[in-house]
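Colleague: I should like to learn how an interface between two chains is read from a model. May we work through one together?

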Amino acid sequence: MADQYLILFSIINILFFLVLHIIIFRYIESSQVMKWIVNFALIQGLIGIIVSTLWQKIIYQRAWENILLLDFIFLLIFWGFIISYVLSLFGITITSIRIQLLSLICARQQEGLSYSELIKKYNKRSIVKTRLARLIGAGEISSSGGVYQIAKPFSLFLWHTYLLVIMHKLLHQTS
Amino acid sequence: MIYILTSFLIFIVTVALQLCLHIILVKYHYKTYKTITLFLLGLIVNILILVNIKSIVLYRTFIQPQPSWWTLDLFWSSIFLYLIFTLDYIVFFTSPYIGDESPSSKILLHVKAKKKMTYQEIERKFSDKDLIDKRLSDMRRSKLLIKSNSKYFLLPKGLLLMRIISFYRNLLGWKLLG
């Protein structure tokens, strides 16, 4: 019973997140995207716990330790899914350089796109500018008088970056 | 809880084994993505162990009818959680495996190391060769695009990918990308 409840509740929340974020994100500036998706996932996770706790106590009358356990596992499942969604589909389609290159070439599929034309439209300058805007929008970096610095000492994105660096060293040390 | 902990432990062991296998294979100059299939083996082992735990717990239920939070039957949730963790890991593993360095991560690390940087200092850390050329070559090798008469065209695989991506982008209504 608890098993089925947990899976069903998690799937409902995931579907709810997917539908809601598609509606809401149409109105969000793309530079604010990462900040919003983290906030959105946190808020929905917390609302999910509140709803789940009330539901389990009132309808199922479960013991508190079981309620807490199920809420904790729900968060693991829900946020686990969000992480893979953000890193894969969301991240790749919105921020990927490869996808942007493909997109530019696709727009000129009939006549083709030369390297010089491509570099004129999309180059290190546009990439760095876009990413700085995104990092500032996410609150990771601050800008003052043309100088950039880290805005917060602790951030999930920074820790994610450190993990990527470790993984990169591990996978490429012997190749 | 025991079901969840078991799934988590099996996941950790599978990650360790996959990384070790990858490192060993690369030492012998054989780089392959197929080591990811170890997680399928991990799933099978996971299911077998959880089935055994379920039998033991069921037997004990006859002696102690009230399940505690430790023995609460979460068989399917544990499998689901293992799959979610596996998906997270595969997504996380893929980018360093390909060798792509995220420009955002690179900016963050440089700014953190130097404490303060101007825009020009940040831009100097990048080159079109690393950001654009390398990716174009990769995509030619993956048969997503082709270079013909000094111009780039998408191949059918690339066109299909773009159709899917465009659909998703239109759903979100986004224009500023990359």
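Colleague: How many salt bridges does the rule find across the interface of chain B and chain A?

Modeller: This is a predicted model. The rule asks for a side-chain nitrogen of Lys or Arg within 4 Å of a carboxyl oxygen of Asp or Glu. Between chain B and chain A, two salt bridges are found. One of them joins the side chains of A:Arg98 and B:Asp138, at 3.0 Å from N to O.

Colleague: Which elements give two or more residues to the side of chain B that touches chain A?

Modeller: In chain B they are α1 (2–27), α3 (75–98), α4 (103–114), β1 (116–118), α5 (119–124), α6 (128–141), β3 (151–154) and α7 (156–172). The most comes from α3(B), with 15 residues. By class, this side of chain B holds 49 nonpolar, 12 polar and 16 charged residues.

Colleague: How many residues does each chain bring to the contact, and what area do the two bury?

Modeller: Chain A brings 86 residues and chain B brings 77 residues. Together they bury about 7800 Å², with 72% of it on carbon and sulfur atoms. As for polar contacts, 15 residue pairs are counted between chain B and chain A, both residues being at pLDDT 80 or more.

Colleague: In which sense do strand β3 of chain A and β1(B) pair?

Modeller: Strand pairing is read from the bridges between two strands. Here β3 (residues 147–150) of chain A and β1(B) run in the antiparallel sense, paired over three bridges. Within β1(B), B:Lys116 stands opposite A:Gln149.

Conventions: Residues numbered from 1 in each chain as written. Chains lettered and ligands numbered in written order. Predicted model: local features only at pLDDT ≥ 70, side-chain atom pairs only at ≥ 80, totals over all residues. Heavy atoms only, no water. Contact = heavy atoms within 4.5 Å. Buried area = accessible area lost by both parts, 1.4 Å probe. Polar contact = N/O pair within 3.5 Å; in protein donor to acceptor, adjacent residues only side chain to side chain. Helix = DSSP H or I, 4+ residues; strand = E, 2+ residues; numbered from the N terminus. Nonpolar A, V, L, I, M, F, W, Y, C, P; charged D, E, K, R; others polar.
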